[in-house]
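This report covers helix packing, nonpolar cores, the chain interface and some backbone details. The sequence and structure come first.

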Amino acid sequence: MKRSTDRILTTHAGRLPNPSNMEEIIAARTGDQGKHDELVRFGVTEMVSKQVELKNDIHSDGEFWKTRDQRYYDGRTTGVELIPVTVDKPAWILTNQPERCMPEFREFFAVYDAIGNTPMPGVTFQPATQREAVTGPLEYLGQGTIKHEIEVVKAGISAAGADLEDFFFPVLSPGWLSHFLWNEYYQTEEEFFHALADFFKGEYEAVVEAGFVLQIDDPSMVTRYGFPNPPLSIEGYRKHVEMRVEATNYALTNVPEDQVRFHMCWGSQHSPHTTDLPLKNVIDLFLKVNAGAYSIEAADVRHQLDWKLWEDVKLPDGKIFIPGVVAHKTTTIEPPELVADRILTYARIMGRENVIAGTDCGYGNRVYPEIAWAKMRSMAEGARIASEQLWP
Amino acid sequence: MEYRGQGAIKHEIEVVKAGIAAAGADVDDCFFPILGPGWLGHFLWNEFYTTEEEYVYAMADFFKGDYEAVVDAGFILQIDDPGLCDKFGLFDPPISVEEFRKHAQLRIEATNYALSNIPEDKVRYHTCWGSWHTPHTTDIPLQHVIDLLLKVNAQAYSIEAADVRHQLDWKLWEDVKLPDGKIFIPGVIAHKTTTIEPPELVADRIMTYARIMGRENIIAGTDCGYGNRVYPDIAWAKMRSMAEGAQIASKQLWG
């Protein structure tokens, strides 16, 4: 995994704004596989070129082509069905966000639910009509699928003339998938998470074998807090997280730590976030994930003081920290001087060679595309300013 | 422009005072915002006066009556003047910082002229970089107008300071001294994000300014107004967080 050896490197959380041919890609999803793949390859090339142009150092494919429909599951596993949503069985767990039940935000969420996360002209957000459910044993059969997807992405990268060494490839964690995938088969949560871990084991190994750094996306480490009704105590919640971290680590058994980065955030919704679980409650569990690098939301107003925790909790030797230095929860562009200030703060605490500048979360469908690009431009400029001070 | 608003402003003040009284609140605890001449100039085109100076001073004469009526009624007068900062990016073709400073200086002199009969300790001055939810990459850095800001004959200065583009502006105040007897009202919560600043962040921001300027010279404020800029629920939640953050900071500042 690349490290900031002679300057502060920049990266992001994975999802980028859509490529120019996104509508064609969506239309091709249910049709001819060859045509679909060619469109995705073209889109990846466009996303990679954009990242290079913005002086981003560690890239992704943009993730725009990913979707979790019946085809996604059928190509990977047995036991998953998409079932129509009912009143008592919603599409996903986030419907139970504690903030939604707070009387002081009722009117806000009414508007939010009507217009969606990012009100883009012409874009309407249809409520999900289907939910994903495990109704039988999960048996992974996705070796061919993930291999094929990786080939398409690699072709896009290579057409952009970029180097695979500069790429990470994000995949969900077992815990994060369980935000969207309801268990209606396994008797215990442990069995369910173990089955999910077995599902991802194959995907993780394929990604690393292909030469990518694997990024595991797991906002659920913090966002699930407060969901069970009645809510769990912090202690009870921590046990649940511990079980999920064990499942993630089990899925990583055959993957070297320095090929893995772990991303966590508090959910990308443009909402009040007053019920975000403070990092201090899970910071030790966060570090238990067998990853060489940790990427985390740190620029948003609710988490911009989290650096103080790292004055007491030591980042283990050899690890890399990727704090979010630009947020997606404001349209205003963080100036390079603020980006540099944030990088310098973490570099002072953790050492310059252990810090890579990152974003709070993915960008696609969360900010206007131009805003995403401007923030990444500012991040690169801020990293340059910080590097000048750190490597005088 | 010939001012004839004595009756109009007096009537408006009576209506507002009746509302305040009905809420059982004290006029002493209320400020009354009015535009600065420079800010009105954002919306009111001059197609009559031959020089800019005449035009700006005509607007100052217009406001002189309004300002005096507000203070006579027992209110603290707030002068709203985002024009000090946000007009810089609006010139087409763009102008230099030096030219802009001349432009701003004329408006401040006119503002002070409008305030000539009002004691300084009855006036607070608000400036910000415009409340639009936009990139704000062309905001003029505060360093270019910080000295002009302090030339306004006001006892208190309220300024955007929580938004990402201005949250490091506190560093300037380590070199520029807030004059003795003045009050500083930094924005400790922004309207440019829906996410609620936690009380601990509010407290941290207050503590930063208190360390530099002295605890008794700080009042916690907002970056700009809220109406039509954030969802109502979000505005109230931010103000609740500000009050709690001020309480946390006060405990640390007064032991």
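Which residues does A:W65 touch, not counting residues up to four places away in sequence?

## Basis and the setting of A:W65

This is a predicted model, in which local features need pLDDT of at least 70, side-chain atom pairs count only at pLDDT 80 or more, and totals for chains, interfaces and linings use all residues. Residues are numbered from 1 along each chain as its sequence is written, while chains are lettered from A and ligands numbered from 1 in the order in which they are written.

With residues up to four places away in sequence left out, A:W65 touches A:I25, A:V40 and A:G43; two residues are in contact if their C-beta atoms, placed from the backbone, lie within 7 Å. A:W65 sits in the loop between helix 2 and helix 3 (70–74) of chain A. Helices (H or I, at least four residues) and strands (E, at least two) are DSSP runs, numbered from the N terminus. A:W65 counts as buried because it has 24 C-beta neighbours inside 10 Å. The cut-offs for burial are 20 or more other C-beta atoms within 10 Å for buried, 12 or fewer for exposed, and in between for partly exposed, with C-beta atoms placed from the backbone. The C-alpha atoms of A:W65 and A:L39 are separated by 9.5 Å, with these positions 26 residues apart along the chain.

## Helix packing in chain A

Two packed helices are described by the angle between their axes and the distance between the axes. Here axes are lines fitted to C-alpha atoms, for helices over the stretch in contact, and angles run from 0 to 180 degrees between N-to-C directions. Helix 2 (residues 33–53) and helix 5 (residues 143–159) of chain A have axes that come within 7 Å and cross at roughly 45°. Helix 2 of chain A is therefore oblique to helix 5 of chain A. Angles under 35 degrees count as roughly parallel, over 145 as roughly antiparallel, 65 to 115 as roughly perpendicular and the rest as oblique. The crossing of these two helices is right-handed, meaning that the near helix is turned clockwise from the far one by less than a right angle; anticlockwise would be left-handed. On helix 2 of chain A, the residues in contact include A:V40, A:V44 and A:V48, and on helix 5 of chain A they include A:V152, A:G156 and A:I157. By class, this contact has eight nonpolar, two polar and two charged residues. Ala, Val, Leu, Ile, Met, Phe, Trp, Tyr, Cys and Pro count as nonpolar, Asp, Glu, Lys and Arg as charged, and the others, Gly among them, as polar.

Helix 7 of chain A and helix 9 (residues 234–251) of chain A have axes that come within 8 Å and cross at roughly 30°. These two helices are therefore roughly parallel to each other, and their crossing is right-handed. Their contact includes A:F193, A:F200 and A:Y204 of helix 7 of chain A, with A:M243, A:A247 and A:Y250 among the residues of helix 9 of chain A. It divides into nine nonpolar, two polar and three charged residues.

## Nonpolar cores

In soluble globular proteins, nonpolar side chains tend to be buried together. A nonpolar core is a set of buried Ala, Val, Leu, Ile, Met, Phe, Trp, Tyr and Cys residues joined through C-beta atoms within 7 Å. The largest nonpolar core has 96 residues, of which A:I8, A:L214, A:V339 and A:I343 touch the most other members. Helix 7 (residues 189–209) of chain A gives the most to this core, with 10 residues. Apart from residues up to four places away in sequence, A:L214 touches eight residues, among them A:F169, A:Y204 and A:V255. A second, separate core of 54 residues includes B:C128, B:V145, B:A156 and B:A162.

## Interface between the chains

Across the interface, 27 residues of chain A are in contact with 26 residues of chain B. On the chain A side, helix 4 (106–115), helix 11 (336–350) and helix 12 (369–390) are the elements that give two or more residues. That side divides into 11 nonpolar, eight polar and eight charged residues.

## Backbone details

Most residues other than glycine have a negative phi, and most peptide bonds are trans. A:N365 has a positive phi, near 65°, and is found in the loop between strand 9 (358–359) and helix 12 of chain A. With 17 other C-beta atoms within 10 Å, A:N365 is partly exposed. B:N228 also has a phi near 65°, but counts as exposed, with 7 C-beta neighbours inside 10 Å. A cis peptide bond, with omega about 0°, joins B:D92 and B:P93.
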